[in-house]
Amino acid sequence: MVITMRKQALSLIVENTSSVLSHVSGLFSRRGYNIDSISAGVTADPRYTRITIVSSGDRLILEQIENQLAKLEDVLDIKKLEAGSSVTRELILVKLRVQESSRQEILSVIEIFRGKVVDVTRDSMVIELTGHQDKLSAFLDLVSGFEILELARTGITGLTRGSSDVTYLE
């Protein structure tokens with residue numbers, strides 16, 4: 001039997017309390033599940049936080065993760081962020097070593113990817129880029145000839161498309 005591993009992104013609406021992120025991440029560590037990425041932020045209603053978690057596993061493990069999350073008292077809603085029915089994005093900040101002589105080359109690449117230069121010094125640039133993980137990976141491949149001094153990634157965040165499955169709380 002072949003076990004197929006895949007990644008699954010889940011969007012959680014949780015109570016905005018000081019311990020909620022600890023409860024969610026603790027569930028993963030207690031069960032031995034891996035978190036590929038996690039992002040969290042308050043929603044339009046400050047009583048609630050949206051947490052987006054990406055985890056890997058076979059179908060059974062991913063189902064177990066979803067079931068265990070649903071049992072947590074702070075978790076009010078869970079949605080799978082599937083490829084065709086959701087919009088997902090990630091933000092990266094990349095600090096590259098760039099000499100003045102090669103600035104135009106890197107600016108051309110940044111423009112193609114609709115990135116933004118957010119800081120420039122004599123020997124480096126910080127680039128901000130938002131998009132799907134494939135886009136960000138392609139950008140990083142193209143700038144691999146430059147020295148990456150630092151890289152920060154937010155992890156995926158996302159929403160399902162349309163308004164038919166919006167969860168209204170209270």
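1. In this predicted model, Arg-97 forms a salt bridge with Asp-123, and the closest N and O atoms of the two are 3.4 Å apart. The pair links distant parts of the chain, since Arg-97 belongs to strand β5 (residues 86–97) whereas Asp-123 sits in the loop between β6 (116–120) and β7 (124–131), 26 residues apart.

2. Arg-97 also takes part in a second pairing, in which its side chain meets that of Glu-147 in a salt bridge of 2.8 Å, N to O. Glu-147 lies in strand β8 (residues 147–153) and Arg-97 in strand β5, so this pair ties together parts that are 50 residues apart in sequence. Arg-97, Asp-123 and Glu-147 are thus linked in a network of salt bridges.

3. As to how far these residues are open to solvent, Arg-97 is partly exposed, with a relative accessible area of 32%, and Asp-123 counts as partly exposed at 32% relative accessibility. Glu-147 is likewise partly exposed, at 42% relative accessibility.

4. The count for the model comes to eight salt bridges, one of which joins the side chains of Arg-47 and Asp-45 at 2.6 Å, N to O. Arg-47 is partly exposed, with 39% relative accessibility, and Asp-45 is partly exposed as well, with 25%.

5. Turning to the sheet, four strands form an open sheet in the order β2-β3-β1-β4, with antiparallel pairing. β2 and β4 stand at the edges with a single partner strand each, so one side of each is left without a neighbour in the sheet. The twist averages 20° from one strand to the next.

6. Within that sheet, β1 and β3 pair in the antiparallel sense over ten bridges, and Leu-12 stands opposite Ile-51 in β3. Helix α1 packs on the sheet, where it touches β1, β2, β3 and β4, and its direction makes about 15° with that of β3. Helix α2 packs on the sheet too, touching β1, β3 and β4, but its direction makes about 160° with that of β3.

7. Helix α1 (residues 20–31) has twelve residues and reaches 17 Å from its first C-alpha to its last, which is close to the 16 Å expected at 1.5 Å a residue. Val-20, Val-24, Gly-26, Leu-27 and Phe-28 are buried in α1, and the buried residues of this helix pack against β1 (6–15), β2 (35–42), β3 (48–57), α2 (59–71) and β4 (75–80). After α1 comes Gly-32, whose phi is positive, near 75°.

Notes
Residues are numbered from 1 along each chain as its sequence is written. This is a predicted model: local features need pLDDT of at least 70, side-chain atom pairs count only at pLDDT 80 or more; totals for chains, interfaces and linings use all residues. Side-chain values use heavy atoms; hydrogens and water are left out. Helices (H or I, at least four residues) and strands (E, at least two) are DSSP runs, numbered from the N terminus. The expected span of a helix is 1.5 Å times one less than its number of residues. Buried means under 20% relative accessible area, exposed over 50%, partly exposed in between (1.4 Å probe, protein chains only). Contact means heavy atoms within 4.5 Å. Two strands pair if DSSP finds at least two bridges between them. Axes are lines fitted to C-alpha atoms, for helices over the stretch in contact, and angles run from 0 to 180 degrees between N-to-C directions. A salt bridge is a side-chain nitrogen of Lys or Arg within 4 Å of a carboxyl oxygen of Asp or Glu.
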